[in-house]
Amino acid sequence: MLVLSQEEIRELYTMEECLRDVEEAFRCEAAGGTVTPVRTAVAHEKRAATTLYMPSYVEAVEYTAVKVVSIFPQNAEKGLPSLQGITLLTEAKSGRHVALMDATCLTVLRTGASSGVATRLLARQDAKSCAVLGCGAQALGQVQAIMAVRPIERLWLYNRTRARAEQLAARIRALYPEWKGSITCVNDAGEAVSAADIVVLSTKATEPLFDGGILRPGTHVNAIGAYQPHMQEFDAVTLNRSGKVVVDTKEGALHEAGDLIKPIQRGEWSIDRLYGEIGELVTGQKPGRETDEEITLYKSVGIASLDTMLACAVYEKAKRLGAGTTVTL
């Protein structure tokens with residue numbers, strides 16, 4: 001079995017590769033070439049934390065994988081990572097367990113790339129400003145993916161704890177030393193949203209972060225933070241103003257996305273208004289953005305098949321380059 005650390009994966013695998021592989025995973029989903037049960041979420045209520053168990057099989061690559069991710073927001077106060085994950089990759093031809101790899105950075109890359117694919121299809125071509133609400137573990141991957149698909153010139157960062165926004169700003173500057181754009185940390189979420197062409201929501205909020213009435217025509221929203229039924233980052237106004245509401249999977253969204261579940265339960269929005277799944281846009285079954293004025297929204301709770309596809313890609317590349325450590329269990 002090949003064991004790959006977070007540092008080794010960072011050296012092996014880029015956001016550009018991840019965008020390509022995530023798009024291919026969406027194609028497989030749309031074609032029905034995956035088996036992806038709804039993930040199991042185990043709540044740790046005393047610590048406001050969650051552990052997620054995510055199995056999947058991707059027929060095109062003939063691999064299956066199980067990813068286990070722990071999300072412990074209070075860890076930040078102890079100097080520990082709030083997001084921790086591990087993936088076991090299995091060869092579907094033989095059932096042989098071939099790799100065990102850290103999934104923390106892959107989860108950040110995968111979630112970012114999911115938003116990147118959606119941004120490529122749904123954001124205006126000339127979108128140049130991006131607001132990020134929630135500057136925790138997932139935020140950097142969101143920025144990386146969006147900067148890979150759109151010519152971003154200005155970033156607005158908002159976090160409940162301002163210091164976290166300032167830390168993200170420093171990380172972005174370090175990652176993109178040649179980038180000449182501006183980064184502004186703000187104390188009000190609405191200030192960031194009202195100025196942006198693209199809005200990223202990456203928090204654990206249980207109530208909407210802003211009034212959807214302030215969204216400018218032509219804005220695209222990527223909402224990736226609220227992954228349980230009691231969570232909510234945007235309001236029904238945002239839903240009803242969006243000409244296209246797209247999800248990663250309808251089954252997962254209706255099972256987990258409080259952003260949709262709460263408005264549906266209150267009669268504020270109907271699932272009949274869902275435009276479709278992102279795979280339908282990737283494969284051309286449905287068009288993406290059609291006008292410069294429409295507001296578009298992508299809601300993602302995560303799909304395990306993306307993790308399987310990425311784990312396979314990293315494993316195959318590691319074998320070619322002789323990376324990782326081989327162990328016998």
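**Briefing: overall fold and the surroundings of Met309**

Of the protein's 329 residues, 56% are buried, meaning under 20% relative accessible area with a 1.4 Å probe and protein chains only. The model is predicted: local features need pLDDT of at least 70, side-chain atom pairs count only at pLDDT 80 or more, and totals for chains, interfaces and linings use all residues. Residues are numbered from 1 along each chain as its sequence is written, and side-chain values use heavy atoms, with hydrogens and water left out.

**Fold and dimensions**
- The protein has 11 helices and 16 strands, taken as DSSP runs (H or I, at least four residues, for helices; E, at least two, for strands) numbered from the N terminus.
- The radius of gyration, taken over C-alpha atoms, is 19 Å, which agrees with the value near 20 Å for a compact globule of 329 residues; that rule is 2.2 Å times the number of residues to the power 0.38.
- Along the principal axes, the C-alpha atoms fill a box of roughly 55 × 40 × 40 Å.

**Contacts**
- Contact means heavy atoms within 4.5 Å.
- Of the contacts between residues at least 6 apart in sequence, 72% join residues at least 24 apart.

**Met309**
- Met309 lies in helix α11, which spans residues 304–321.
- Met309 counts as buried because its relative accessible area is 7%.
- Outside its neighbours within four places in sequence, Met309 is in contact with Asp21, Glu24, Ala25, Cys28, Val58 and Val61.
- Ser56 is 253 residues from Met309 in sequence, yet their C-alpha atoms are 9.4 Å apart.

Conventions. Buried means under 20% relative accessible area, exposed over 50%, partly exposed in between (1.4 Å probe, protein chains only).
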